[in-house]
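Please look over the sequence and the coordinates shown here before reading on. The paragraphs below walk through how two parts of the chain fit against each other.

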Amino acid sequence: MKEVIKIREVPASQRSSTFDEVVLGYGEQEILQEAARCLQCKNPVCIQGCPVGIDIKKFIYHITKKDYAASYLTIKEKNNFPSICGRVCPAEYQCRKSCILTKKGSPFASEQAINIHFLERFVGDYGNKEKIGAPKEGKDELAGQKVAVVGSGPAGLCCAGELARKGIKVTIFESLHEPGGVLRYGIPPFRLPRDILDFEIKYLEKLGVTTIPNYIIGKTKMLDELFKEGYSAVFLGLGAGTPSFLNIAGENLGNVYSANEFLTRVNLMSAFKYPEYHTPVNVGKRMIIIGGGNTAMDAARAAIRLQNMSGIKPNTAIFYRRTEIEMPARRLEIEHAKEEGIEFEFLVQPVAFGGDDNGHVRKLRCLRCELGEPDASGRRRPVAIANSEFETDCDVAIIAVGLQANTVLTNVTPGLKVDKYKDIIVDPETMQTSIAGVYAGGDIVGGEGTVIEAMSMGKKASVAIVDYLKSKAKKV
Ligand code: FAD
Ligand code: SF4
């Protein structure tokens, strides 16, 4: 078996004081060596692990022939943003986990599995650099029809791009001042450089997509007004932007942030460049992040960078109620967090925050836990151990224990059906909601997911929207 080709990264000592990209990716020689490890299986099981079914075997084959343009177009058949997915997809739970080279029964991909996402990243960056783009489909009878997309996260961007390629006039309405959704305000630039995201958004502009920022559908304008203004269909990619909390005493003390607020200040408002940018964020002497997902890793890695940049001795810890193996975060992010000096405290359950006379958080009280029987998620449930309470210093706390549906629009739109979690109910085949001509996808359908899942729903909806517009056009 040929040896796995290691990815190039900025050493931890150099990267923890900047927001520059950490993973540098493969060069051409390395990508050829890594692609040569692929067995070109008769039954390429890796494809089953990809939520959008990219023909992985084929795109890797084209790499081995140095035909990167063909490789790029193969990926583009299923995935609109390979440079983004190659950087953020949790491949160890998806394609790489399904790769034949992963040991049977592993909870995530074995190290030997082909580094499919890093190959995808190289090819995506190549396609962007060479301006290959996705094949245009030419204008047809739908040219000039208007569709509104609400939300500019991966679901909305993907849906908009697919519709624009068919000559449909797409307008994206975004409540924030910059497009990208979580790709902009959640995932830090050290994981996803902003020029990569900006490139994809500019490409949509070239296809004729218009983005209107600072515009909340459900407040600035209601959903039905969009139809009155001549939009024939609407796609809702509203995301899951409402943070969950622990609901424990002291959670309302000063310097207890939701991870969403903390990351938005840092990533979207550039608080790491304060006072050059006007939004500050408080940096503590001991910053504790509660949670075990990607959001927790991003918040912790941003926090330790802020400490380093402010000249504060780095002291950032992640508190998680299960063990490392149950952490839903990408394995690479957990490794990077450890390398950057973040402390991990496993099997702990916060019970209360304590504050000072000024109303600022100073302490966190927790119970130790042990693992019990599996819960609905299939992971072993944390069970608090009696009399195990302990207290630790904490002058900034960041809560990263999950996200829920953004309800600004759904709360004020009669006839738009939602489930008990306030997620929009859709027909899974077409992504159509309970209102004719209104489609939805991404985290607002089925809760917090991944970038590629959101994109795949945006793409599926675009197909149904085209059918809907065509059937409407026939009736006229
Ligand atoms: P979002 O990305 O949430 O975008 C929704 C957009 O809609 C937002 O810009 C919002 O402002 C806008 N909006 C909402 N309501 C309105 C309205 N009424 N009017 C106008 N605009 C509105 N997934 C991965 O695959 N890999 C990762 O590494 C990863 N890391 C993550 C890190 C963090 C910090 C977070 C929070 C999530 C991460 N995820 C990751 C999950 C992934 O980012 C989401 O699943 C994905 O972004 C969902 O896409 P979306 O388009 O549904 O919604
Ligand atoms: Fe086989 Fe893995 Fe190559 Fe897919 S990536 S064709 S499963 S070796």
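What distance separates the centres of domain 1 and domain 3, taken over C-alpha atoms? In this predicted model, the two centres lie 30 Å apart when they are taken over C-alpha atoms. In domain 1, the residues that lose the most area to domain 3 are Arg-15, Ser-16 and Phe-19, which together account for 39% of what that side buries. As for where these domains sit in the sequence, the assignment places domain 1 at 8–129 and domain 3 at 243–403, while domain 2 is made of two segments, 141–241 and 405–475.

The interface itself can be described first by its extent: 19 residues of domain 1 are in contact with 19 residues of domain 3, and about 1,500 Å² is buried between the two domains, with 57% of that area on carbon and sulfur atoms.

Turning to the polar side of the interface, 13 residue pairs, with both residues at pLDDT 80 or more, are in polar contact between domain 1 and domain 3. The rule also finds two salt bridges across this interface. A salt bridge joins the side chains of Glu-339 and Arg-15, with a distance of 2.6 Å from N to O, and Arg-15 is also among the residues of domain 1 that lose the most area to domain 3.

Which helices supply the side of domain 1 that touches domain 3, with at least two residues each? They are α1 (12–15), α5 (82–88) and α7 (116–129). Sorted by class, that side of domain 1 comprises 11 nonpolar residues, together with four polar and four charged ones.

Technical notes:
Residues are numbered from 1 along each chain as its sequence is written. Chains are lettered from A and ligands numbered from 1 in the order in which they are written. This is a predicted model: local features need pLDDT of at least 70, side-chain atom pairs count only at pLDDT 80 or more; totals for chains, interfaces and linings use all residues. Side-chain values use heavy atoms; hydrogens and water are left out. Domain bounds come from an automatic or database domain assignment. Contact means heavy atoms within 4.5 Å. Buried area is the accessible area (1.4 Å probe) that two parts lose on being put together, summed over both. A salt bridge is a side-chain nitrogen of Lys or Arg within 4 Å of a carboxyl oxygen of Asp or Glu. A polar contact is a pair of N or O atoms within 3.5 Å; within protein, one must be able to donate a hydrogen and the other to accept it, and residues adjacent in sequence count only if both atoms are side-chain atoms. Helices (H or I, at least four residues) and strands (E, at least two) are DSSP runs, numbered from the N terminus. Ala, Val, Leu, Ile, Met, Phe, Trp, Tyr, Cys and Pro count as nonpolar, Asp, Glu, Lys and Arg as charged, and the others, Gly among them, as polar.
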